[in-house]
Amino acid sequence: MMKFKIKLFTTACCLLCYVAAQAQIKNLKANFASPGNAYKPGVYWYFMDGNITQESVKRDLVSMKAAGIGSVLFLEVNVGIPQGKIEFLSDRWLSILSYMFSEAKRQGISISLGIGPGWQGAGGPWIKPEESMQTLVASETIVSAGERNAVVLPVPAEPKPYFGNDGLTAQMQQQRELYYKDVAVVAIPLNDAKPLKGYKEKALYYRGPFSSTDTVRPNIPMEELTGGTDGINTKDIIVLTQKMDSSGRLNWKPTRGKWKVLRFVSRNNGAVSRPAPLPGVGFESNKMDTAAIKKHLDIYVGKILKDYQFDTNAEGGLKALHIDSWESSSQNWTPAFIAEFKKRRGYDPVKYLPAFNGHVIGNTAVSERFLWDVRLTLQDMIFDNHASYVKRYAHNKGLKLSIEPYDLNQTSDIDLGSFADIPMAEFWSKGYGYNTAFSAAEASSIAHVNGNSVVQAESFTALPTEGWKQHPASMKDQGDWAFAAGINKFYFHTFTNQFLPDSLKPGATMGPFGVHWDSGQTWWSMVPAYHSYLSRCQYLLQQGRTVADILYLTPEGAPNVFLPPPSALTRDTIGDRKGFNFDGCTGTQLLKAFVRGNEIQFPGGASYKILVLPAIKTITPQLLIKIEELIKAGAIVIGQKPEISPSLVGYPQCDQQVKEIANRIWGSAPATTSVLNRTYGIGKIITGGQLLELDGGLYPHYDATSAVLAKMGFAEDFSTDAPVRYTHRTAADWDIYFCANSSDKPITFDARFRSAKGAPEVWNAIDGTIKPVKYFTQDAGSTTINLSLDAHESCFVVFSSDNKGTQNPGKLLTRTDAIKDLSTNWQVAFDTKWGGPAKIDFKELKDWSTMENQGIKYYSGIAVYTKVFDIDKAMYADKGNYYLNLGEVKNIARVKLNGKDLGVVWTAPWRVNISSALKQKNNVLEIEIANLWPNRMIGDAKLPYDGPQNGQWPDWLINGKPRPTKRHSFASNTVYDAKSKLLPSGLLGPVNIVQISGE
């Protein structure tokens, strides 16, 4: 009887699990077909320095809603545009923002509010020099024994701002010149020792943009581990702070020899709220002082939200605050630094301060360690007093916080981003900007390790060379790369508030920058189809958790940019993951890890099969103790044996502690030319052999790491010989793989997936269709499928435990039969207001830019191709599977047949199913084609210029008068002239009808 009850209970549990799995996959399918607003793409929504009206705000939001945009990130800037009439933070400006919040709520569009004017950070004219970002500088004066004249120590000059003085107003420059605060006076024996190598970088006087400056290193390694050049003994250093009066007069005479006296002061570092609207230009707030950021948020965010009615249940409206990319360079001082350093590091830094000026204290290694401690302390203070405070401020208002934690960042990118509820990356349009693919690896790693479901990205931003050239098809490949790299929420950069009349297009721009993702685009009425694709992808890629097998530990300390070994990616300007996916994590994150079943896991759900240590000789005892605990508990770790601590904390005992722990883990024998698997506890440390050969300077070559995983019995998560990128999301009852053809050619290939949770299905994010996979085989927990993808086509392969199909070896063959060629004799209608002819006959399909008719040659906009045709009776069947192939399209198309809208065609395969509308006789086919803006702008450049000049709008626009020229296009900024190259445009074909069988 007991056995029967146990069997009945087990059966009931299995049935409940099956029912739950069915419900979950049913929910996935319903939301995939029609994702909610939260999964729709967003835009950076820029207001342009007072050029704003309530009407333009409404027009923007209505156009966004219609286009399928679900969220905006609001910033106001001054970039390449004349100043408008609505002054920043004025009552009228605040009224318009209040309207913006309420209208966005009504439209169901969520808003993230940047925490300061411009995008630099958090500052404005309300920040006083003493509340601003600080730099420690010192003057040096030689003082000799027996000198009778009074010694006055000069005030050291303020440092040159990283971005120069152009962003400073005259008043700000005067404030910088006047402001300083004495910190310390220190005397060192005069010596002729060479300065510490790279001390300005190591003391964080400047931190340049990692994305665009080759000389900026991802981290600052210690160049001397022990000893090095002897320097000044701390016993010989004299602190004279109390010996100097307020005028700088030094009341001290040395009794012997010559001395160098350093007067250290704190000065403003020159960072401003760049590129803020003019009334918002001011100093950046101190990033290490809670009082400074509190004052800023109270004045800026507090003023904006003073009367805002928060509604956490509303789909739209204000939902988050946002910290944009770190672009204020570095800050290496704050008034509380000495006290905080003593508290956090446990020793007094004053006698070591000369190292800020390049003087070697103790020896080179000691000075390096001190500056390592300095950078770590500065980082700690930024985290505790800035990032953490902004997060608490947001949460207290029921808001989330998003952070872009990179570029000129003086801290660890991943650790800074870990304060975000929504980590955010940035990627530039390929070929039109910088390569910031590293930020995608960082943001996705943050989200995966910490258990965040959303990874946002400032997407497709661009330099002026883009010039309205991008469109959905040209962005498809890079967008799919971003999805495979871990991004699952696009924020297009940029949608500029369209405050100009609708007759003036493409309209307002953020200077020459960005991808111009706004209602001024020629193809804007067709873009919802592309947004639907993105929404379906983003919905699925936010479900479950990402599967990654390799966890790369980043070096300790600050700053730090996570870069995987180059071999872990298929190389391109943007790289794709290989069969074993990876994430990066910091020591801070690793302290939260635990081991379960030999896998390293985190509270957020992330799980990894192997941990790879950076190949550096330094590690803090605290982190090494944690690694020891993980290995003892069963973790598998690849790494070289560390030797010493990077810090002066507990020095020199800390080095001995590192050596003792390392000897316990690695043993005392040196690494060998063969790979060594050493059991420790119930885990392993693996080192030696090919693992010693570094790729990129920090980690073993991917092939060496993957060989270890293979030897452990693990198959790659995804494998194929075809050029296909992938990513994998998982939950208890399903696996979702995103697969995309990274080539511009159609491919048919076999792919092996490390999942066998039921029979696979192919989900098409272009049209929302779901089809079972007819032919597949399964063995050893993996499934092999034969797939076909057109150029840059993608699909989702979904495995669900409720889908109990049976494996069926074989390959799906399709047959395509030509039914009718439609490449000749079209009537084409252009929009006359953009210079095209009302109607014209095309005997054959042609590129508009090659035609003699100037109205067509320079046309930009939508043209409608119309044709009437019949189908031969012998070729027609009521239930046939007919497609219209468009051939080559420049650049996006909408197809209507017999009055039925069959949808927008924006990517390969350039075809649409016409079966539901096709007749045998008198078919009326309409194809709307939208090209791009450059051709019209190039044609208009032959006419006199009538746009903004010298920072002023033209008189005719200001006074509401007729336009004085016959130009058709108008933009607040353009990059074209009359000699610029025209772009191919129109329906180029060949166009034909085919019947496809066997799908």
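Four strands form an open sheet in the order β5-β10-β7-β8, with antiparallel pairing; strands are DSSP runs of E of at least two residues, numbered from the N terminus, and two strands pair if DSSP finds at least two bridges between them. The edge strands, each pairing on one side only, are β5 (134-144) and β8 (238-239). Between β5 and strand β10 (residues 258-268) there are 11 bridges in the antiparallel sense. E140 stands opposite L262 in β10.

The model is predicted: local features need pLDDT of at least 70, side-chain atom pairs count only at pLDDT 80 or more, and totals for chains, interfaces and linings use all residues. Residues are numbered from 1 along each chain as its sequence is written, and side-chain values use heavy atoms, with hydrogens and water left out.

A search of the whole structure finds 64 aromatic pairs. Rings of Phe, Tyr and Trp (its six-membered ring) pair if their centres lie within 6.5 Å; planes under 30 degrees apart count as stacked, over 60 as edge-to-face and the rest as tilted. Two of these pairs are tabulated.

| Pair | Class | Centre to centre | Angle between planes |
|---|---|---|---|
| W45 and F47 | edge-to-face | 5.0 Å | 90° |
| Y552 and Y699 | tilted | 4.7 Å | 50° |

The second pair links distant parts of the chain, 147 residues apart: Y552 lies in strand β19 (residues 550-553) and Y699 in strand β31 (residues 699-700). Both Y552 and Y699 are buried (under 20% relative accessible area, 1.4 Å probe, protein chains only). W45 and F47 are buried as well.

Charges also sit over rings, with CZ of Arg within 6 Å of the ring centre and within 35 degrees of the ring normal. The charged end of R577 is 4.1 Å from the ring centre of F582, and R911 lies over the face of Y883 at 4.9 Å from the ring centre.

Key. Buried < 20%, exposed > 50% of the residue type's maximum accessible area, 1.4 Å probe, protein only.
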